[in-house]
Amino acid sequence: MASEQAQDQFRLVSSSINHEGKLPRKYTDEGQGAKKNLSPPLEWYNVPDGTQSMALVVEDIDAPDPSDPIKPWTCWVVANIPPTLKGLPEGFSGKEEEVGGDYACLKEGHNDYKVPGWRGPKLPSHGHRFQFRLFALDEQLKLGNKVTEKLLEDIEGHVIGEAQVITMF
């Protein structure tokens, strides 16, 4: 029974995260093998009934900030993901219109680097955890032309499900 419930849960996964739970270097902005802002592939399963849109927020949850010793650093924000989509392909960031179809209506927001799209981490030290959170929402967000790292505030009161995966770098 418990395994049936687990299979029915709203889930977020990435084929790029290795068996040790690490994000490969090619998705970072650091060192040999880095692809410079190549977004990792993501897939999700069992989107909750009643979902009108979804939103993705990726944060370095161990980021140091002088004014707040542990304050998440937003790496990627994506809003208005249609519930009909089953994932985002590798390298998707910045190519919504090019990919077309249901992907064309997605909106990538400004991250804490103050630019839109995925920005691979470049860390002062290793061992940081990156939290990928996908929210199922009861409405399509009305965000205008600017989606920001404040998306978590915008979705308050509209979340009907959340799936997450945490990886290390």
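This text walks through the chain from its overall layout to its sheets, its cores and one buried glutamate.

The model is predicted, so local features need pLDDT of at least 70 and side-chain atom pairs count only at pLDDT 80 or more, while totals for chains, interfaces and linings use all residues. Residues are numbered from 1 along each chain as its sequence is written, and side-chain values use heavy atoms, with hydrogens and water left out.

Start with the outline. The chain has 3 helices and 8 strands. Helices (H or I, at least four residues) and strands (E, at least two) are DSSP runs, numbered from the N terminus. Along the sequence they follow the pattern α-β-β-β-β-β-α-β-β-α-β. Of the 169 residues, 46% count as buried. Buried means under 20% relative accessible area, exposed over 50%, and partly exposed in between (1.4 Å probe, protein chains only). Contact means heavy atoms within 4.5 Å. Among contacts between residues at least 6 apart in sequence, 71% join residues at least 24 apart.

Now the sheets. Strands of a sheet pair through backbone hydrogen bonds, either parallel or antiparallel. Here two strands count as paired if DSSP finds at least two bridges between them. One open sheet has 5 strands in the order β6-β4-β3-β7-β8, with antiparallel pairing. β6 and β8 stand at its edges with a single partner strand each, so one side of each has no neighbour in the sheet. Further in, β3 and β7 pair over 8 bridges. Serine 53 has leucine 137 of β7 as its bridge partner. β3 is also joined to β4, by 6 antiparallel bridges. There, glutamate 59 stands opposite threonine 74 of β4. In β4, 8 of the 9 residues are buried, so this strand is largely enclosed by the rest of the structure.

Another open sheet has 3 strands, in the order β1-β2-β5, again with antiparallel pairing. Its edge strands are β1 (11–13) and β5 (87–88), and each pairs on one side only. β2 and β5 are joined by 2 bridges. Glutamate 43 stands opposite glycine 87 of β5.

Next, the interior. A nonpolar core is a set of buried Ala, Val, Leu, Ile, Met, Phe, Trp, Tyr and Cys residues joined through side-chain atoms within 4.5 Å. The largest one has 28 residues, and Leu12, Trp44, Leu56, Trp76 and Ile81 have the most contacts inside it. Strands β2 (42–45), β3 (53–60), β4 (73–81), β7 (129–137) and β8 (159–168) each supply at least two of its residues. Apart from it lies another core of 11 residues, among them Leu143, Val147, Leu151 and Ile155. Leucine 56 has contacts beyond four places in sequence that include Leu12, Trp76, Ile81, Leu134 and Leu151.

Finally, look at glutamate 108. It is found in strand β6 (residues 107–108). β6 pairs with β4 over 2 antiparallel bridges, and glutamate 108 is the bridge partner of valine 78. Which charged partner does this buried residue have? Glutamate 108 has no salt bridge, and the nearest side chain of opposite charge, arginine 119, is 7.2 Å away. A salt bridge is a side-chain nitrogen of Lys or Arg within 4 Å of a carboxyl oxygen of Asp or Glu. Lys and Arg count as positive and Asp and Glu as negative; His and the chain ends are not counted. Its side chain does make polar contacts, with the side chains of tryptophan 76 (2.6 Å) and serine 93 (2.6 Å). A polar contact is a pair of N or O atoms within 3.5 Å; within protein, one must be able to donate a hydrogen and the other to accept it, and residues adjacent in sequence count only if both atoms are side-chain atoms.
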